[in-house]
Amino acid sequence: MQQASDALAREPDLVRTLVRLADSLVDTFDLLELLRDLSESCTRLLAVDAAGLLLVHEGELRVLGASEERLRLLELFQIQNHEGACLESYELSQPIVVTDLADEVARWPRFAPQAIASGYRATHAIPLRLRDDTIGVLNLFLAAPGALTPDDAVVAQALADTATIAILQHRTVASAELTASQLQTALESRVLIEQAKGIIAERRHLDMEQAFGILRRHARSHHLRLHDVARQVVDDELDLSE
């Protein structure tokens, strides 16, 4: 009965999230914001502690969304060391479920200990796939050993599928060349945002997650793109240190 009650409680939020993710044809479509929204929605709608998004660009997986800073760093570590569930999920184009990373040290001798040290014990990687086209991976992490419930697994797959369709739909409408350009811009924006986070964190003696919160709140409250606010901070045209 409790599971049924929880499912009913999250249903309106889930519907709103799926609608937002699917709306890729608007003029204000922002790939980075879509991926950030997806990662945050996963932690809100599912019994997971963190979520990351990786997309393929020029044949390589790139980290473009993470619900928290320590996960972003772990995802980068995963790519650099060529180990982990997200890489296997992408290569095999199928979900990879690990209920306890402590059991996978032999499988991933560098990644598994690093993930545990970062505070994660289980992971569920879902390929962003439509038929034969795999464009990335949704990576879910749990702080304790365990697996997603069957209901959560269905919701996670629905979120991944909706995001995949939105991205591929936008690629079709805007052309593959424009999408590649937009992904390159998203990667450049990520670098700019990281620089701005570092500036704010240093000036206000905060961690990177808190610094990002300040940056994002300013962008939203002033109806500005995150990229533009980050550029203003980096160019010293905007002071968010107070």
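How many aromatic pairs does the count come to? For this structure, which is a predicted model, the count comes to 2 aromatic pairs, and I would like to take them in turn before moving on to a glutamate and the cysteines.

In one pair, W108 and F111 meet edge-to-face, with 5.8 Å from centre to centre and 75 degrees between the planes. W108 is buried, since its relative accessible area is 2%, and F111 counts as buried as well, because its relative accessibility is 0%.

The other pair is Y120 with F141, whose ring centres lie 5.1 Å apart and whose planes stand at 45 degrees, so this pair is classed as tilted. It links distant parts of the chain, for Y120 sits in the loop between α5 (111–117) and β4 (122–130), whereas F141 belongs to strand β5 (residues 133–142), 21 residues apart. Both Y120 and F141 are buried.

Y120 also brings us to the glutamate, E68, which is found in the loop between β2 (60–66) and α3 (69–81). If we leave aside the neighbours within four places in sequence, E68 is in contact with D49, A50, Y120 and E209. Is E68 buried or exposed? With a relative accessibility of 18%, E68 counts as buried, because the cut-off for that class is under 20%.

Finally, the cysteines: a search of the whole structure finds 0 disulfides. C42 is buried, with a relative accessible area of 0%, and C86, at 0% relative accessibility, counts as buried too.

Note on methods
Residues are numbered from 1 along each chain as its sequence is written. This is a predicted model: local features need pLDDT of at least 70, side-chain atom pairs count only at pLDDT 80 or more; totals for chains, interfaces and linings use all residues. Side-chain values use heavy atoms; hydrogens and water are left out. A disulfide is a pair of cysteine sulfur atoms within 2.5 Å. Buried means under 20% relative accessible area, exposed over 50%, partly exposed in between (1.4 Å probe, protein chains only). Helices (H or I, at least four residues) and strands (E, at least two) are DSSP runs, numbered from the N terminus. Contact means heavy atoms within 4.5 Å. Rings of Phe, Tyr and Trp (its six-membered ring) pair if their centres lie within 6.5 Å; planes under 30 degrees apart count as stacked, over 60 as edge-to-face and the rest as tilted.
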